[in-house]
Amino acid sequence: MDDPLVIAGKEFRSRLMVGTGRHRTMEEMVESIEASGAEIITVAIRRLNLDNPSEKSILDYFDWDKYTILPNTAACRTAEEAVFVAKLARELTGSNWVKLEVIPDATWLLPDPIGTFEAAKILIDDGFVVLPYIHADPVLAARLEEIGCATVMPLGSAIGSGQGILTLEEVKIIVEQSSVPVVVDAGLGVPSEASQALEIGAEAVLVNTAIAQAVDPAGMGEAFKLGVQAGRKAFLAGRIERKDEATASSPTTGVVQTATATRSG
């Protein structure tokens, strides 16, 4: 805990958050999350079967004394829907934390900036700890921080696409200007991309599909854990300056000179 991730005053050892969607089986889900070392787990409340309380749900597969549940408002198309689901999640889980998603278009799954801001303001005023999923928009990120969001969560690329961080330059700006943790969310496909996010100063990443749909989800969960750790260590260590020209790694002074043989006549 020498370098904890701190969100809303709560400390975490892991900088990897994981989702519970798209896993082939519940057993693979549990194994991969355990292997990842994650402490924050997102759960899509709207996708739970609340009509049958006796049916075992995702919530029943985890020890919530060990993990922090992060309900999300996935599948909400408007600010009003997101606020309703967040309040439902609080009643169901007892948690006032929420990953806020307002996504009106089911094809591209891009977040609605206006709806997200409107919902965030309502929820913050109602005592929620809001972690908003947004496009990599530095202006919106700053506005959400101003109204009291606990983090900002810019996408790297489209949800579930595995394209990596296509928004790298925008994420760098968000990191530079933010006082709250920046969590790169969506689009990460391999651990090196998670490492890249941490290397540029993001505080954490959220990964779901890349782990859930891997051939070996537990192996990929562990790989992401190591990638995040490497990226954070690299950020703290400080990378070398980029240069346009090569710089010799060996000394250029005090080296042994090679004698040149000469022949006479």
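**Exercise 1. Strand β10 and its partners**

V18 stands opposite V207 in β10. This is a predicted model, so treat each step below as a reading of that model. Starting from the V18 contact, work out which strands pair with β10 and how its two faces are covered.

*Solution.*
Step 1. Begin with the strand of residues 16-19: β3 is joined to β10 by 3 bridges, and the two run parallel.
Step 2. Next, take β9 (residues 183-185), which pairs with β10 in the parallel sense, again over 3 bridges. Within this pairing, V184 has V205 as its bridge partner.
Step 3. Follow the chain from β9 to β10: together with helix α6 (residues 191-199) they make a right-handed β-α-β unit.
Step 4. Now look at the two faces of β10 (residues 204-207). A204 and L206 are on one side, V205 and V207 on the other, and all of these are buried. Both faces of the strand are therefore covered.

**Exercise 2. Aromatic pairs**

Find how many aromatic pairs the structure holds, and describe the geometry of the one formed by F12 and W97 and the one formed by F62 and Y67.

*Solution.*
Step 1. A search of the whole structure gives 3 aromatic pairs.
Step 2. For F12 and W97, the centres are 6.1 Å apart and the planes meet at 75°. Planes over 60 degrees apart count as edge-to-face, and that is the class of the F12 and W97 pair.
Step 3. Place the two rings in the fold: F12 lies in strand β2 (residues 10-12) and W97 in strand β6 (residues 97-100), so the pair ties together parts that are 85 residues apart in sequence. F12 and W97 are both buried.
Step 4. Turn to F62 and Y67, with centres 5.6 Å apart and planes at 80°, so this pair is edge-to-face. Both F62 and Y67 are buried.
Step 5. Ring pairs also bring in W64, linking F62, W64 and Y67 into a cluster.
Step 6. To finish, check what lies over W97: K10 is over its face, 6.0 Å from the ring centre.

**Exercise 3. A lysine in β6**

Is K99 buried or exposed, and what surrounds its side chain?

*Solution.*
Step 1. Locate K99: its place is in strand β6.
Step 2. The relative accessibility of K99 is 6%, so K99 counts as buried, the cut-off being under 20%.
Step 3. Look for polar partners. The K99 side chain makes a polar contact with the side chain of E101, at 2.9 Å.
Step 4. Look for rings. The charged end of K99 sits over the ring of Y133, 5.2 Å from its centre.
Step 5. Not counting residues up to four places away in sequence, K99 touches several others, among them T42, N72, M153, D185 and L206. As seen in Exercise 1, L206 is a buried residue of β10.

**Exercise 4. Helix α1 and residue T209**

Identify the buried residues of α1 and what covers them, then describe the setting of T209 in α7.

*Solution.*
Step 1. In α1 (residues 26-36), the buried residues include M29, V30, S32, I33 and S36.
Step 2. Their cover includes β3, β4 (40-44), α7 (209-212) and α8 (217-237).
Step 3. Just after the helix comes G37, with a positive phi near 75°.
Step 4. Move to T209, which is in helix α7. Its relative accessibility is 18%, so T209 counts as buried.
Step 5. Apart from neighbours within four places in sequence, T209 is in contact with R22, G160 and A214. Its C-alpha is 8.5 Å from that of G187, a residue 22 places apart from T209 in sequence.

Notes. Residues are numbered from 1 along each chain as its sequence is written. This is a predicted model: local features need pLDDT of at least 70, side-chain atom pairs count only at pLDDT 80 or more; totals for chains, interfaces and linings use all residues. Side-chain values use heavy atoms; hydrogens and water are left out. Rings of Phe, Tyr and Trp (its six-membered ring) pair if their centres lie within 6.5 Å; planes under 30 degrees apart count as stacked, over 60 as edge-to-face and the rest as tilted. Helices (H or I, at least four residues) and strands (E, at least two) are DSSP runs, numbered from the N terminus. Buried means under 20% relative accessible area, exposed over 50%, partly exposed in between (1.4 Å probe, protein chains only). A charge sits over a ring if NZ of Lys or CZ of Arg is within 6 Å of the ring centre and within 35 degrees of the ring normal. Two strands pair if DSSP finds at least two bridges between them. A crossover is right-handed if, with the strands pointing away from the viewer, the path from the first strand over the helix to the second runs clockwise. A polar contact is a pair of N or O atoms within 3.5 Å; within protein, one must be able to donate a hydrogen and the other to accept it, and residues adjacent in sequence count only if both atoms are side-chain atoms. Contact means heavy atoms within 4.5 Å.
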